[in-house]
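Welcome! Open the structure in your viewer, keep the selection panel handy, and let us walk through it stop by stop.

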Protein chains: 2
Amino acid sequence: MAAKKTVVLASGGIDSTTTLAIARSEGYEVYALTIDYGQRHRREVQMARRAIDALGVKKHLIIPLDLRLIGGSALTTTEKVPKTSDYKLKNSKFKIQNSKLNIPPTYVPARNTIFLALALAWAESLNINDIFIGVNAIDYSGYPDCRPEYIRAFERMANLGTKAGVSGSRFHIHIPLISFTKGEIIKTGIALGVDYSLTHSCYDPDKKGRACGRCDSCVLRLKGFREVGIPDPVEYQIKIKQD
Amino acid sequence: MAAKKTVVLASGGIDSTTTLAIARSEGYEVYALTIDYGQRHRREVQMARRAIDALGVKKHLIIPLDLRLIGGSALTTTEKVPKTSDYKLKNSKFKIQNSKLNIPPTYVPARNTIFLALALAWAESLNINDIFIGVNAIDYSGYPDCRPEYIRAFERMANLGTKAGVSGSRFHIHIPLISFTKGEIIKTGIALGVDYSLTHSCYDPDKKGRACGRCDSCVLRLKGFREVGIPDPVEYQIKIKQD
């Protein structure tokens with residue numbers, strides 16, 4: 001029998017690396033897709049290569065697409081990356097747990113739509129119907145394109161706008177992490193053999209690649225490791241209380 | 001009052017150039033977006049610049065995105081571009097007028113989804129809610145991503161996956177050409193002052209940029225000019241019967 005195949009969007013972060021490990025554990029042969037979008041934390045792209053290689057994939061495609069041309073985000077302009085504590089001070093409405101109405105400046109306009117569109121194109125070109133993406137609607141930064149209703153709408157659109165729309169086959173967007181806490185994601189990954197020292201989350205690393213420990217992404221990551229009760233294996237610029 | 005603003009996807013072809021002219025005639029200040037996707041007919045990109053400049057826009061952004069990395073189409077690989085007559089001979093089911101079940105090899109996987117995703121990102125970054133795209137479901141090549149039900153599904157997804165999803169503003173994808181014949185498109189453009197000698201449609205031009213006259217795109221274009229009863233002002237490699 002031919003192996004089940006899937007395209008997995010993989011950035012080298014905790015969520016997408018765990019998602020890739022889940023797809024592998026479900027028996028999929030993985031075509032990993034990384035978008036090098038000119039993010040200020042481009043270290044992400046090198047890390048993606050290491051994290052993905054460690055898990056074993058059929059192919060890893062890196063597509064350059066310079067979203068700095070579009071701008072509109074602290075991650076693709078020279079705007080300062082906000083630290084969670086800045087938010088807490090300046091905007092009392094900001095809540096990590098329920099920030100649906102507080103989209104932070106690190107939101108990149110339509111990023112997941114662009115990434116999923118490219119994953120869809122590659123999947124269609126390879127005759128693959130399954131796509132995995134590590135979106136999460138619990139411990140997330142409040143990005144609208146991480147919500148399940150958005151993913152289902154993308155899936156519906158994908159099935160109308162491709163050959164699937166006329167052939168009767170169907171794309172399925174898998175979102176295995178959607179209702180996990182960050183701790184549950186990390187626990188799952190550890191059980192599947194993910195080496196989180198190879199992952200990278202920080203939006204604002206220093207020149208040595210050390211995480212800042214204070215951006216949304218670091219704060220969520222550290223919350224996850226605290227939840228599991230183990231130290232985060234990556235290096236930080238500041239001293240982190242890990243328990 | 002601030003001018004109404006819109007992002008228009010503009011390739012330099014008949015449909016998107018006419019769409020741009022329609023947006024201008026409706027009073028929009030236009031932000032034109034061209035994707036240089038590694039298409040074999042890249043002359044399209046130079047022509048887009050000329051056609052767009054002639055109509056007057058606020059800004060013209062060209063984003064490079066090499067879809068040859070993804071492949072899956074005669075337009076992004078070294079596969080031969082089919083000529084309509086090849087189809088007629090080899091596949092009796094092929095009909096230009098109703099080819100919904102005969103997606104030709106020039107279909108580029110998820111191209112409009114990728115293009116609309118980038119238009120959406122730019123629009124969101126500029127605080128623009130309107131996007132124009134020149135899709136057409138009458139005289140078209142049978143691409144699934146040119147159908148109105150697909151466009152409405154994209155719109156719905158866009159409104160869930162962006163700030164609009166939480167702010168209450170709404171993206172609207174305008175498809176003014178959707179039910180026009182090619183002749184009606186050309187008539188409309190002429191009335192709005194479009195110079196079609198600056199547009200380009202051929203999938204397989206020669207080194208001098210002359211159109212082949214035999215690919216789907218040329219056949220549809222020529223059908224349009226015949227419908228209007230005027231000669232196509234662009235140069236062809238072969239002698240064309242224009243009446």
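Which strands of chain A does helix α1 (residues 14-25) lie across? Select that helix and look at what it covers: α1 of chain A lies across β1, β2 and β4 (130-132) of chain A. Compare directions too, since α1 runs at about 160 degrees to β2(A). Keep in mind throughout that this is a predicted model.

**Stop 1: chain A as a whole**

Now select chain A and colour it by secondary structure. You should find eight helices and five strands. If you follow the chain along the sequence, the pattern reads β-α-β-α-β-α-α-β-α-α-β-α-α. The radius of gyration of chain A is 17 Å, close to the 18 Å that the globule rule gives for 243 residues, so chain A is as compact as a globular protein of that length. Along its principal axes, the C-alpha trace spans about 55 × 35 × 30 Å.

Buried residues make up 51% of the 243 residues in chain A. Contacts also link distant parts of the sequence: among contacts in chain A with a separation of 6 or more, 72% are between residues 24 or more positions apart.

**Stop 2: the sheet of chain A**

Hide the helices for a moment and show the strands. In what order do the five strands of the open sheet in chain A stand? The order is β3-β2-β1-β4-β5, with parallel pairing. At the edges are β3 and β5 (172-174) of chain A, each with a single partner strand, so one side of each is left without a neighbour in the sheet. Turn the view to see the twist, which averages 25 degrees from one strand to the next.

A little background helps here. Strands of a sheet pair through backbone hydrogen bonds, either parallel or antiparallel.

Next, select residues 4-9 and 28-36 of chain A. These are strands β1 and β2, which pair in the parallel sense over six bridges. Two bridge partners to label are A:Lys4 with A:Tyr28, and A:Leu9 with A:Leu33.

Stay with β2(A) and show its surroundings. Is this strand largely enclosed or left open? Seven of the nine residues of β2(A) are buried, so the strand is largely enclosed by the rest of the structure. Bring the helices back to see two that lie over this strand. You met α1(A) at the start, lying across β2(A) among others. Another is α4(A), which lies across β1, β2, β3 and β4 of chain A and runs at about 135 degrees to β2(A).

**Stop 3: where the chains meet**

Show both chains in separate colours. How many residues of chain A are in contact with chain B? There are 37 residues of chain A in contact with 37 residues of chain B. On the side of chain A that touches chain B, the elements that give two or more residues are β3 (59-64), α4 (111-125), α5 (148-160) and α6 (164-167) of chain A. Select α4(A) again, as it gives the most to this side, with 10 residues. Colour this side of chain A by residue class and you will find 22 nonpolar, eight polar and seven charged residues.

Now look at how the copies are arranged. A rotation of 180 degrees, with 0.0 Å of shift along its axis, superposes chain A on chain B with an RMSD of 0.0 Å. The two copies are thus related as by a two-fold rotation axis. The same surface serves both copies, as 100% of the contact residues of chain A recur in chain B.

**Stop 4: a visit to chain B**

Show the strands of chain B. Here too is an open sheet of five strands with parallel pairing, in the order β3-β2-β1-β4-β5. Select β2 (residues 28-36) and β3 of chain B, which pair in the parallel sense over six bridges. Within this pairing, B:Asp36 stands opposite B:Pro64 in β3(B). Helix α4 (residues 111-125) of chain B lies across β1 (4-9), β2, β3 and β4 (130-132) of chain B.

For a last selection, pick B:Lys187, which lies in helix α7 (residues 182-191) of chain B. With 18 other C-beta atoms within 10 Å, B:Lys187 is partly exposed. Try your distance tool between B:Lys187 and B:Ala153: they are 34 residues apart in sequence and 29 Å apart in space, C-alpha to C-alpha.

Conventions. Residues numbered from 1 in each chain as written. Chains lettered and ligands numbered in written order. Predicted model: local features only at pLDDT ≥ 70, side-chain atom pairs only at ≥ 80, totals over all residues. Least-squares fit on C-alpha atoms with pLDDT ≥ 70 in both. Contact = placed C-beta atoms within 7 Å. Helix = DSSP H or I, 4+ residues; strand = E, 2+ residues; numbered from the N terminus. Nonpolar A, V, L, I, M, F, W, Y, C, P; charged D, E, K, R; others polar. Rg over C-alpha atoms; globule rule 2.2 N^0.38 Å. Buried ≥ 20, exposed ≤ 12 C-beta atoms within 10 Å, placed from the backbone. Pairing = 2+ DSSP bridges. Axes fitted to C-alpha atoms, helices over the stretch in contact; angles between N-to-C directions.
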